[in-house]
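This briefing is meant to be read beside the sequence and the coordinates. It moves from the overall fold to the cores, and then to single helices and residues.

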Amino acid sequence: FKNVSFSYPNRPHLPVLKNVSFDIPYGQTVAFVGPSGSGKTTLFELLMRFYDPQEGEIFVGGQDIRTIPLDYLRNQMGLVSQECMVFSGSIYDNIAYGRKSSSKAQILEVARLARVGEFANRFPKKFDSQVGQRGISLSGGQKQRIAIARTLLKNAPILLLDEATSSLDAQQEAFVQQAVDRLVVHRT
């Protein structure tokens, strides 16, 4: 990020970021800490080009992200957000969405790492169980574990974890943190 300033279009008079600059070397893990509304999620939204900054530039691998094809840019990133997106379909399909070409063994391995099996195996059809519209049959923590498994499967070089364990209890957070620790090796 180089001299980035940004305000959301519906609140142009209220800057979220003002002249923000930082560099994250490849393979490094960085945490952004601050109160709600301080711009942490906005950094990810800008990096994934959901928005473009009003001022400044954002680079990935030394290249201005505005010159990188959007689908390629987003394929380089895995996102687990505090608002996990789960689709109508099976638990298995929700994980497989991370990389459609994956084998069943790969999908079940990331599910194991994210501890999805702990709840999936309690459903009558296990991983083939339907989760309902927007995952209505799942708790927030279960949705987050599916999102983490999906991101593990995607195997992207850049990981964006936006309060990725916020819906988990302390014990589950510790288990999932172990999976995340494995996930971040050799990634930014």
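How many helices and strands does the secondary structure of the protein chain come to? In this predicted model, the count is 7 helices and 7 strands. Read from the N terminus on, these elements follow the order β-β-α-β-β-β-α-β-α-α-α-α-β-α.

**Overall dimensions and surface**

- The protein chain has 188 residues and a radius of gyration of 17 Å, which agrees with the value near 16 Å that a compact globule of this length would have.
- Taken along the principal axes, the box filled by the C-alpha atoms of the protein chain is roughly 50 × 30 × 30 Å.
- Of the 188 residues in the protein chain, 41% are buried, while the area that the chain exposes is about 10600 Å², with carbon and sulfur atoms supplying 52% of it.
- Among contacts in the protein chain with a separation of 6 or more, 65% are made by residues 24 or more positions apart.
- The protein chain carries 22 positive and 17 negative side chains, and the centres of these two sets are 6 Å apart.

**Nonpolar cores**

- In soluble globular proteins, nonpolar side chains tend to be buried together.
- The largest nonpolar core of this model consists of 24 residues, and those with the most contacts inside it are Ile91, Ile95, Val116, Phe127 and Ile146.
- Two or more residues of this core come from each of the elements α3 (91-96), α4 (104-113), α5 (117-120) and α6 (140-154), and α6 gives the most, with 6 residues.
- Leaving aside residues up to four places away in sequence, isoleucine 95 touches Ile107, Val110, Ala111, Val116, Phe127, Ile146, Ala149, Arg150 and Leu153.
- There is also a second, separate core of 17 residues, and Ile58, Ile68, Leu73 and Met77 are included in it.

**Helix α1 and its surroundings**

- Helix α1, which spans residues 40-47, is mostly covered, with 6 of its 8 residues buried.
- These buried residues are Lys40, Thr42, Leu43, Phe44, Leu46 and Leu47, so named by the criterion that buried means under 20% relative accessible area.
- The elements against which the buried residues of α1 pack are β1 (2-6), β2 (17-20), β4 (59-60), α2 (70-75), β6 (77-80) and β7 (158-161).
- Just after α1, arginine 49 adopts a positive phi of about 65 degrees.
- The loop between β2 and α1 holds glycine 34, which counts as partly exposed because its relative accessibility is 30%.
- Glycine 34 is separated from glycine 78 by 44 residues in sequence and, from C-alpha to C-alpha, by 22 Å in space.

**Positive phi in strands β1 and β2**

- Asparagine 3 is placed in strand β1, and its phi is near 55 degrees, a positive value in a residue other than glycine.
- Is asparagine 3 buried or partly exposed? Asparagine 3 counts as partly exposed, because its relative accessibility is 36%.
- Asparagine 19 lies in strand β2, and its phi, near 50 degrees, is likewise a positive value in a residue other than glycine.
- Both strands return to the picture of helix α1, since β1 (2-6) and β2 (17-20) are among the elements against which the buried residues of α1 pack.

How values were computed
Residues are numbered from 1 along each chain as its sequence is written. This is a predicted model: local features need pLDDT of at least 70, side-chain atom pairs count only at pLDDT 80 or more; totals for chains, interfaces and linings use all residues. Side-chain values use heavy atoms; hydrogens and water are left out. Helices (H or I, at least four residues) and strands (E, at least two) are DSSP runs, numbered from the N terminus. The radius of gyration is taken over C-alpha atoms; the globule rule is 2.2 Å times the number of residues to the power 0.38. Buried means under 20% relative accessible area, exposed over 50%, partly exposed in between (1.4 Å probe, protein chains only). Contact means heavy atoms within 4.5 Å. Accessible areas come from the Shrake-Rupley method with a 1.4 Å probe; for residues, only the protein chains shown count as cover. Lys and Arg count as positive and Asp and Glu as negative; His and the chain ends are not counted. The place of a charge is taken as NZ of Lys, CZ of Arg, CG of Asp or CD of Glu. A nonpolar core is a set of buried Ala, Val, Leu, Ile, Met, Phe, Trp, Tyr and Cys residues joined through side-chain atoms within 4.5 Å.
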